[in-house]
Amino acid sequence: GDVGTGFYNSGSNAIGYSANGTQKWQINNNGDLTFVDSVKLYLGDSNDLQVYHSGTSSWVYDNGTGDLNIASNNGTINMAVGASANEIAAKFISGGAAELYHNNAKKFETASYGAVTTGTFQATGNIEVFDNGKFIAGTGADLQISHDGSNNIINAQNNHSIRIQRAGNNVWEFGDSIFKGNDGKKIILGDSSDLQLFHDGSDSW
């Protein structure tokens with residue numbers, strides 16, 4: 001055979017394998033199988049699944065036919081990071097939620113009715129809601145904004161008014177029996193502002 005290729009005693013009750021004088025893997029006295037960097041574990045007739053460490057990164061690489069499946073029998077699949085793998089990145093619960101974490105804090109999870117986010121949600125593109133879907137704010141679904149296919153609707157539930165503010169100050173307020181604007185705010189009618197209604201603090205016009 002090739003010089004320096006074959007099995008050898010690599011230590012106390014340990015077996016190693018080398019090719020051309022270079023160690024590739026070994027089994028220690030605990031039965032642990034160790035591959036050196038860039039030596040791959042191949043599974044499948046066509047080397048379909050590869051597991052290895054490149055020297056800088058660890059890889060589980062599906063290089064064959066079909067899908068790469070990770071499954072658990074009625075358990076939870078946890079994906080963790082960190083020096084001791086003690087920081088959860090994602091969790092997939094059998095019969096339940098799929099969860100995503102940031103710095104070990106849950107930020108997103110699926111639910112039977114859709115999904116739940118924790119914290120601030122930001123989008124760099126559009127947020128689309130189809131006809132009859134609603135933007136809902138308030139613990140009691142107090143404010144609802146929707147489009148029913150024909151009309152744009154702002155709906156204040158639970159007898160609450162709708163306030164339009166600027167810099168935290170009320171400008172206009174809509175309620176069951178009021179339509180209120182602060183002093184100096186005008187109702188302007190006509191293409192050329194022909195009719196203006198306002199109160200300047202002392203007089204009405």
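In the predicted model, Ala123 is partly exposed, with a relative accessible area of 41%. The residue lies in the loop that runs between strand S12 (114–117) and strand S13, the latter covering residues 134–137. Ala123 is separated from Ile154 by 31 residues in sequence. In space, the C-alpha atoms of Ala123 and Ile154 are 22 Å apart.

The secondary structure of the protein consists of 20 strands and zero helices. The radius of gyration is 33 Å, whereas the globule rule gives 17 Å for 205 residues; the protein is therefore more spread out than a compact globule. The extent of the C-alpha trace along the principal axes is about 105 × 30 × 30 Å. Of the contacts with a separation of 6 or more, 0% involve residues 24 or more positions apart. Of the 205 residues, 8% are buried. The protein exposes a surface of about 15,700 Å², and 48% of this area is supplied by carbon and sulfur atoms.

Charged side chains were examined next. The count of salt bridges comes to three. In one of them, Lys106 pairs with Glu99, with 3.5 Å between the closest N and O atoms. Lys106 also meets the side chain of Glu109 in a salt bridge, at an N to O distance of 3.3 Å. Burial was assigned to both members of the Lys106 and Glu99 pair: Glu99 has 7% relative accessibility and counts as buried, whereas Lys106 is partly exposed, with a relative accessible area of 31%.

A further salt bridge is formed by the side chains of Arg163 and Glu173, with an N to O distance of 3.5 Å. This pair links distant parts of the chain, with Arg163 in strand S16 (residues 162–166) and Glu173 in strand S17 (residues 169–174). The separation between Arg163 and Glu173 is 10 residues. Arg163 is partly exposed, its relative accessible area being 49%. Glu173 is buried, with a relative accessible area of 13%. Through shared partners, salt bridges join Glu99, Lys106 and Glu109 into one network.

Asp142 presents another arrangement. This residue is found in the loop between strand S13 (134–137) and strand S14 (143–147). Asp142 is buried but has no salt bridge. The nearest side chain of opposite charge belongs to Lys134 and is 13 Å away; because a salt bridge requires a nitrogen and a carboxyl oxygen within 4 Å, this separation does not qualify. The side chain of Asp142 does make a polar contact with the side chain of Asn158, at 2.7 Å. When residues up to four places away in sequence are not counted, Asp142 touches Ala137, Asn155, Ala156, Gln157, Asn158 and His160. Asn158 thus appears both as the polar partner of Asp142 and among the residues that Asp142 touches.

Backbone geometry was considered at two positions. Most residues other than glycine have a negative phi. Ser38 is not a glycine, yet has a positive phi of about 75°. The position of Ser38 is in the loop between strand S4 (33–35) and strand S5 (41–43). Ser38 is partly exposed, with a relative accessible area of 45%. Ala167, likewise not a glycine, has a positive phi of about 55°. Ala167 is located in the loop between S16 and S17, the strands that hold Arg163 and Glu173 respectively. With 78% relative accessibility, Ala167 counts as exposed.

A buried serine was also examined. Ser18 is placed in strand S2 (residues 14–19). The relative accessibility of Ser18 is 9%, and the residue counts as buried. Apart from neighbours within four places in sequence, Ser18 is in contact with Gly4, Thr5, Gly6, Tyr8, Gln23 and Lys24.

Technical notes: Residues are numbered from 1 along each chain as its sequence is written. This is a predicted model: local features need pLDDT of at least 70, side-chain atom pairs count only at pLDDT 80 or more; totals for chains, interfaces and linings use all residues. Side-chain values use heavy atoms; hydrogens and water are left out. Helices (H or I, at least four residues) and strands (E, at least two) are DSSP runs, numbered from the N terminus. Buried means under 20% relative accessible area, exposed over 50%, partly exposed in between (1.4 Å probe, protein chains only). Lys and Arg count as positive and Asp and Glu as negative; His and the chain ends are not counted. A polar contact is a pair of N or O atoms within 3.5 Å; within protein, one must be able to donate a hydrogen and the other to accept it, and residues adjacent in sequence count only if both atoms are side-chain atoms. Contact means heavy atoms within 4.5 Å. The radius of gyration is taken over C-alpha atoms; the globule rule is 2.2 Å times the number of residues to the power 0.38. Accessible areas come from the Shrake-Rupley method with a 1.4 Å probe; for residues, only the protein chains shown count as cover.
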